[in-house]
Amino acid sequence: MFLLLLFAASIPSVFSQDDLKTETIEGKKYYMHKVEQGHTLYAISKKYLIEIEDILNENPEASEGLKIDQVLRIPLVKENKKLHKLNNPEIKGNYILHTIEKGQTLYSLSKFYNIALEDIVFENPGVQNEMRIGDVLKIRVNKVENINKESIAPAKEDGWLRHTIHKGETLYSLAKKYGVNIDSISIINNGLPEGLKDGETIRIPVKILPGRNDIIKADTSVIYKYIKEKLKSGKFDEDEQNPGEYNIALLLPLFIQENDGIEKNKRPFEKKILFDQSIVALQFYEGFLLALDSMNKEGLVANIYVYDTAKDSLQLKMVLAKPELKQMDLIIGPLFLSGFVQASKFALENEIHIVSPFIQQNSIIAENPYVSKVVPAPTTQFDQIAEFISEAYPNQNLVLIHNSKLEDKPIVRAFTKKAAAKNLSIKEINYLTSDFKAIQLALSSNKKNILIVPSNDVAFVTDLISKLYFSSTQEKEIIVFGSDSWLDFENLDINYLQKLNTHIATANHVDFDNEKIKNFIGVYREKYLSDPSNYAFQGFDLGYFYLSLLNKYGRYFSQKYVLFTHNGLQLTFNVSKVSEQSGFENKGFSIIRFENYKLVKVN
């Protein structure tokens, strides 16, 4: 009996379910159980005195196997009320630790746990001679009888990277550090209902391959190898060309020479790495290839030419001098502003439609009807914010706050112009010549206060948001509208943004609850062994939209833009001319807000 008591002294004290914390979700109470190494569905069901079926009904994903750090919703079951008065067993690895209570016998416990008497005795020597109230018995889960293997299968590692939170870290800083999406961090950590806590370990949506310790953010080396093998003098091998209908060129900064230099100078024990500035283009190309695969299944016949532009005007000039370039039906890229301006002149001279994937400035489409740009300009975004506010918050108190910076003035003008067209009354505050008290005086007690802050100034925005959060203005209803650049500000606390009901206009929003997104991530993971970055989503959306237009309307598809809107995985396409002589701007965007530590689309 000594060994049994010694074991009991080394484990945590037991408790009743009345001591367990509950959480109310959609009006229903749950215990929130965090799965640890060795936990099984069977052991968890015994801990909470509930049927396994009831656990699976609330957590259907658990039917595919438990994952370490997964959080399960355990419903409070009324019919087990009498059982709930008992001390709940603990789970330690592959064992259930049962504290003996009055009236319990080895026979009753063997029946309760569906385990043979001899197996209880084997794990707890001496228990057959004496069993006292308060003693702790070990019940070996894999010895349980008459139960399916899935229910006693121990939780496994899910392959996600773990990160221990340090003081001052935010979702933004983590997303930037690991090159992942903010929402995805929140989602795989069950919404982070209590935010980030110093010392807490969370999961990061970056896969670690079995048997390896190195992080696989994106398997861009696979794409790089593919390009190196398939490209000859800037295009694919002739024998891979379809005898086909359309020629499409991608002008991307692949930095072949720089990557070759890294590979040449790499020591034998060093990991394979790629030139930093090539990563964006490679991830974009990954997404584009998946779009091309989808469109091939829909009957698109196209020749794809890929060229390395690096970030060198001379190299780009050499690419544009290639004779086959004049035969293109569509050009995508370059990604950088100076290179795109150079290539767009070539496109104009040869009447070829050219697309900018990332550049925001509308200057690139001026006086060139063959250019289209995917990302709306900041002026367009705030023009659309004014449109949204006029519909969602009519007759409310609108306060426009800016610090009169030169780069913000066009955005302020765009917003005020659209607001005037929509008959919106605005109080304008120049923070450069005023102070925070002016904002407080401008707020209303009986209306919603819509604060529009068209600024990309980190210091100004951070200071303003902090003062709004900590001031007495919290007693008034405030809704803040800001720029998508805020999503990259590491020192903006998500709790502040959520409390102030912050809305952001962005062209790049991914709803990870959407089935299309889940399917795409599954395909991407299978091919590239990681989760897609924003650049991969953008490559897919852009590729699918423009390849669809080409496939449906031919090379002069720009005349059909008004007939073809599209909701992609990340991008929304609503393309139109800015002026009669200009090219085309995509005005599609999402307005998202912070809700339960997630970004939710509201338009």
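The accessible surface of the chain adds up to about 29400 Å², and carbon and sulfur atoms own 49% of that (Shrake-Rupley method, 1.4 Å probe; for residues, only the protein chains shown count as cover). Keep in mind that this is a predicted model: local features need pLDDT of at least 70, side-chain atom pairs count only at pLDDT 80 or more, and totals for chains, interfaces and linings use all residues. Residues are numbered from 1 along each chain as its sequence is written, and side-chain values use heavy atoms, with hydrogens and water left out.

Of the 603 residues in the chain, 52% count as buried (under 20% relative accessible area; over 50% is exposed, and in between is partly exposed, with a 1.4 Å probe and protein chains only). Take the contacts with a separation of 6 or more: 70% of them join residues 24 or more positions apart (contact means heavy atoms within 4.5 Å). On the secondary-structure side, the chain has 19 helices and 27 strands (DSSP runs numbered from the N terminus: H or I with at least four residues for helices, E with at least two for strands).

Now for the sheets. One open sheet has seven strands in the order S18-S17-S19-S20-S21-S26-S27, with mixed pairing (two strands pair if DSSP finds at least two bridges between them). Strand S18 (426-430) and strand S27 (598-601) sit at the edges with a single partner strand each, so one side of each has no neighbour in the sheet. Ignoring direction, neighbouring strands here are turned by 25° against each other on average (axes are lines fitted to C-alpha atoms, for helices over the stretch in contact, and angles run from 0 to 180 degrees between N-to-C directions). Helix H13 (residues 378-392) packs on this sheet, touching S17, S19, S20, S21 and S26, and its direction makes about 155° with that of S20.

Another open sheet has three strands, ordered S1-S2-S3, with antiparallel pairing. Its edge strands are S1 (22-25) and S3 (71-75), each pairing on one side only. The twist averages 45° from one strand to the next.

Here are three strand pairs, each with one bridge partner.

| Strand pair | Sense and bridges | Bridge partners |
|---|---|---|
| S2 (residues 28-34) and S3 | antiparallel, five bridges | Tyr30 and Pro75 |
| S5 (residues 95-99) and S6 | antiparallel, five bridges | Tyr95 and Arg140 |
| S17 (residues 397-402) and S18 | parallel, five bridges | Leu400 and Glu428 |

Strand S6 (residues 136-140) is mostly covered, with four of its five residues buried. Tyr95 also has a charge over its face: Lys138 lies 4.8 Å from the ring centre (the cut-offs are NZ of Lys or CZ of Arg within 6 Å of the ring centre and within 35 degrees of the ring normal). Elsewhere, the charged end of Lys47 sits over the ring of Tyr48, 5.6 Å from its centre.

As for ring-on-ring pairs, a search of the whole structure turns up 24 aromatic pairs (rings of Phe, Tyr and Trp, the latter by its six-membered ring, with centres within 6.5 Å; planes under 30 degrees apart are stacked, over 60 edge-to-face, the rest tilted). In one of them, Phe470 and Tyr496 have ring centres 5.3 Å apart and planes at 80°, so the pair is edge-to-face. The pair links distant parts of the chain, with Phe470 in helix H16 (residues 458-470) and Tyr496 in helix H17 (residues 494-499), 26 residues apart. Phe470 is exposed at 57% relative accessibility, whereas Tyr496 is buried at 16%. Ring pairs also join Phe512, Phe520, Tyr524, Phe537, Phe540 and Tyr544 into a cluster.
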